[in-house]
Each structure stands twice: as structure tokens, then as C-alpha cells.
Protein chains: 2
Amino acid sequence: MDKKDSMAKKEKIILAAKDMFANKGFNGTTMDELAKQAKVNKATIYYYFKDKEALYEYVFAESINNVVNDLEKRLKNTKTATDALKAYIDSFYFNSKEDETFMRILLRAVASQCYLFPKQVMKKFLRMLSILEDILDKGYNEGVFKKTDTKLVHFMIVGGISFLLTTKDKRSSIYETFDNTPKNFNKDDKYANRQLYEIILKGLGVK
Amino acid sequence: MDKKDSMAKKEKIILAAKDMFANKGFNGTTMDELAKQAKVNKATIYYYFKDKEALYEYVFAESINNVVNDLEKRLKNTKTATDALKAYIDSFYFNSKEDETFMRILLRAVASQCYLFPKQVMKKFLRMLSILEDILDKGYNEGVFKKTDTKLVHFMIVGGISFLLTTKDKRSSIYETFDNTPKNFNKDDKYANRQLYEIILKGLGVK
DNA sequence: CATACAGTTAACTAAATAGTTAGTTTAACT
DNA sequence: AGTTAAACTAACTATTTAGTTAACTGTATG
């Protein structure tokens, strides 16, 4: 068996792990089921990863790194604070759209009062927060943003996006089961990032 | 043993359950540890609740009912859509401040793509969403709000609040451990609800 | 052809887990 | 004091769990 095939197995494990950690959380994910879903022998998982926790950390770190890298790329093409804030929203929005597991793992980590944050992930997370802080400071100095709490803005963005994307697939069945869903509940939200621009930018005082 | 003491035991179980389901999630919570934390015999839990799931549902439903009841009380004292929206924010904010477990359980339920939502809880949740929709419609008809997606507004509110409150206790230790925390990271947010008013109301186009 | 080595596996272990059982204690009422 | 029912419990069971082991495979290298 050559390297490509072995890489494929590791990749299979990572994919299944992302999906299961997102859906069922750390404790809800069992190594047996994970092996089954990844279609590898359970011992193969332990060949590539020290233990369950190491796998979790790997998966979480990889996801957040993707977002941070994408964010930094996007920021290079921006001049104004307004554009930078849009880029901040977009990097979460488009990354989560492509791989919605990240947001779900993040939600759980927050819910656990951060004990599910591996150190390296927390570091990256704080890095993003300080990038956002710089953007908000810049906007304030440019006279277009009002002073606001960075972390509040951050989680309004992340909260809004994560909710929209994680409930996306279930909404139509909820809509059918319950009779009191709001009007647009089942509507597709293709341009939700633009709605977020609207609310957040106006909310920060941009004319 | 009189009724008060037996109520006290059931209450102890509920309190411990809230705390553990919030901190560790459904699967991370073990009945043995729960019994230990509640200081009751494990079998006593099964005397009061059919099984782990029933306990989870009870706890989740009780929490969301508190929020909905509080919301409906607050709404009675409002005239304008703006005040109603503030009441909506406040009912989440003050309830979560008093009992922060609810938000954490909610975050996990969302992360699980809603399979952790018991039916009765989902019903109440949709009830809240339709209340918010009425508020937003009213504001639109009054000419003060722009048209927006109800669920997006809802989760920006809930996301913002849940993040602030769930990370509250850990922030100072994070601040000490990592060197790149943003400026106000460790700041107390007594009036976070007012900051939320600002951003959300302005975001909706209120002058 | 022999040796080495990365990759893979079925079968196993020790510990933890949700839930049960069969019985004991407590308190209220006659 | 005796009866009853609710509240409670220590000890148990069957199952599931994370992680291990020891052996096997294919391939590359000398």
C-alpha cells in the first residue's frame, strides 16, 4: 500500500471525526462508531493519533487555522475598516458554509466554559479577536465606528452565522412538524453575510 | 421525612443536572457523578425521573419556560416595537445572568443540529421566534425597523449574550495565561444588554 | 532472497456506564 | 403499637467504552 492510500485513510478518519465531534460532541463520539463511519479499523485511528483527545485537538486546530489563514488573506485586499469588517464576517461565513462542522465544535467548546478549547486553539481564537479589535479601533479612529466591545461583536457575528448554518438542514423538517414557525424560517439564506454586514455595520454607526 | 425535604432532594438533582448538562453536555454527564454532585443516591434520581433523557428534557423545558414566561411579562409593559425588542433582549440577558446554564444547554442543542431539542422545548423556542417576528413586523409597520430575517436577529442576540455570560468566569484566567487577549477581554460587562440594544436597534435602522 | 519497517487488523482488557433490584427507612394515619 | 405508602439505598447487571496487543501484510531496500 503506498503513501497516497495511507493518507487517504488518515483523511477519512479526520473527516469522520469532524462530523461526529460536531454532531455529538466529544463525549458523544465513540471510537468504535468513528472507526465504522470512517471505514477503518479502530486500531488504525490509534496508529495515526495518540488518543481521542489528540484527534479532537487536531481536528479543531485544523479548522480554526483554516479560518484564520483565510481571514488574513482576505484582509490583505482591504483598505477601510468597513471592508475589513466585511472580510471578517466573510471568512467565517464562507468557511463555515464549506465546512459547517467547525462552528458546531466551536459552539460546544464555548458552552463548556472553554474547557474544550485546546491551548493552541484558544491562542488562534484570541488572535482572531485581536484582529477584530484592530479593525474596530481603526474604524473608530477613522470616525466611522462607535466604540464597542470586541467580544460582543465577535459573537454576534459567529452566533448569527453558526445558527443559520447549523440549523439549515433541519429547518424544513421542523417547519413541517411544528405549526408556529416564523414566516421566513424555512427560507434559504444565500446572502446571509450581506444581512450581517447591514446589521453589524449600521449597528456600529456606519451611515 | 416530610415533603419539604423530599422536594429538596428533587431540587438538588435538578440543580446538579442543570450544571452538569451545561458544562459537559448530555453524554458527558454521568449519572454516578450527577448523584455524587447532587449528594443523593443514584437510584433516587431514577425514583424522580424515568431516565437520563427525561431528566434532561425536564431541565431544558423548565429553563426555556422561565425565559418565555419572563418575556411575556416584560412585553406587557411595552408600547413601541423598540421597547419590545429591548424587552426581548432583557429577558434573555437577565434570565441567563441569573441562571447561565440555560444558554449553555441551548448552545449544545443548536450545535447538535437540533437533535438535542426535545419537542416541547422546540415548540417554546419557535414561540419565542414568532414573538420576535411580531416585534420586527410591528417595527417595520411603524416605519422604524428595516426588514430583516427574524432568526438572524434572534441568534445575534442569543449568541452575543451566551458568549459573554458563559465565558465570564474563565476570562480572567485566559487573560493571565495568554498574552494576546484583546484590551477589554477581561472587563466586566455589567450593562452588556445596553450595548446589545445599541447595535441591534441601530442595525435595524433605528435613528 | 532476506531483512526491515510502515500500515493494518481481530481479538482482547479494564474501567466506566445507564439502569435495576430487592430490600430498608421514614413518616403519616388509624 | 400496627399498617401503609412514599422515599430512599447498597449492591448488582449487562453493556459500552477507550485503549492495547500481538500478529499479519505488503513493499521497499541491501
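Of the atoms of DNA strand D within 4 Å of the protein, what percentage belong to sugar or phosphate? In this predicted model, it's 69%, with the rest belonging to bases.

## Around DNA strand D

Strand D has 17 residues surrounding it, and both protein chains show up among the closest: A:Met31 and A:Lys42 on one side of the list, B:Asn41, B:Tyr47 and B:Tyr48 on the other. Sorted by class, this surface has eight nonpolar, five polar and four charged residues.

As for who supplies them, helix H3 (42-48) of chain A, plus H1 and helix H3 (42-48) of chain B, each give at least two residues. H3(B) gives the most, with four.

## Polar contacts to the backbone

B:Tyr48 puts a polar side-chain atom 2.6 Å from a phosphate oxygen of strand D. A:Tyr46 also has a phosphate oxygen of strand D to talk to, at 3.2 Å from a polar side-chain atom. B:Lys9 goes for a sugar or linking oxygen instead, at 3.4 Å.

## Where chains A and B meet

Now for the protein-protein side: 63 residues of chain B contact 63 residues of chain A. Together the two chains bury about 5,800 Å², 67% of it on carbon and sulfur atoms.

There's polar chemistry here too, with 12 residue pairs in polar contact and four salt bridges across the interface. One salt bridge pairs A:Glu198 with B:Lys146, at 3.6 Å from N to O. On chain B's side, the largest share comes from H8(B), with 12 residues. By class, that side has 24 nonpolar, 19 polar and 20 charged residues.

Technical notes. Residues numbered from 1 in each chain as written. Chains lettered and ligands numbered in written order. Predicted model: local features only at pLDDT ≥ 70, side-chain atom pairs only at ≥ 80, totals over all residues. Heavy atoms only, no water. Contact = heavy atoms within 4.5 Å. Buried area = accessible area lost by both parts, 1.4 Å probe. Salt bridge = Lys/Arg side-chain N within 4 Å of Asp/Glu carboxyl O. Polar contact = N/O pair within 3.5 Å; in protein donor to acceptor, adjacent residues only side chain to side chain. Nonpolar A, V, L, I, M, F, W, Y, C, P; charged D, E, K, R; others polar. Near = heavy atom within 4 Å.
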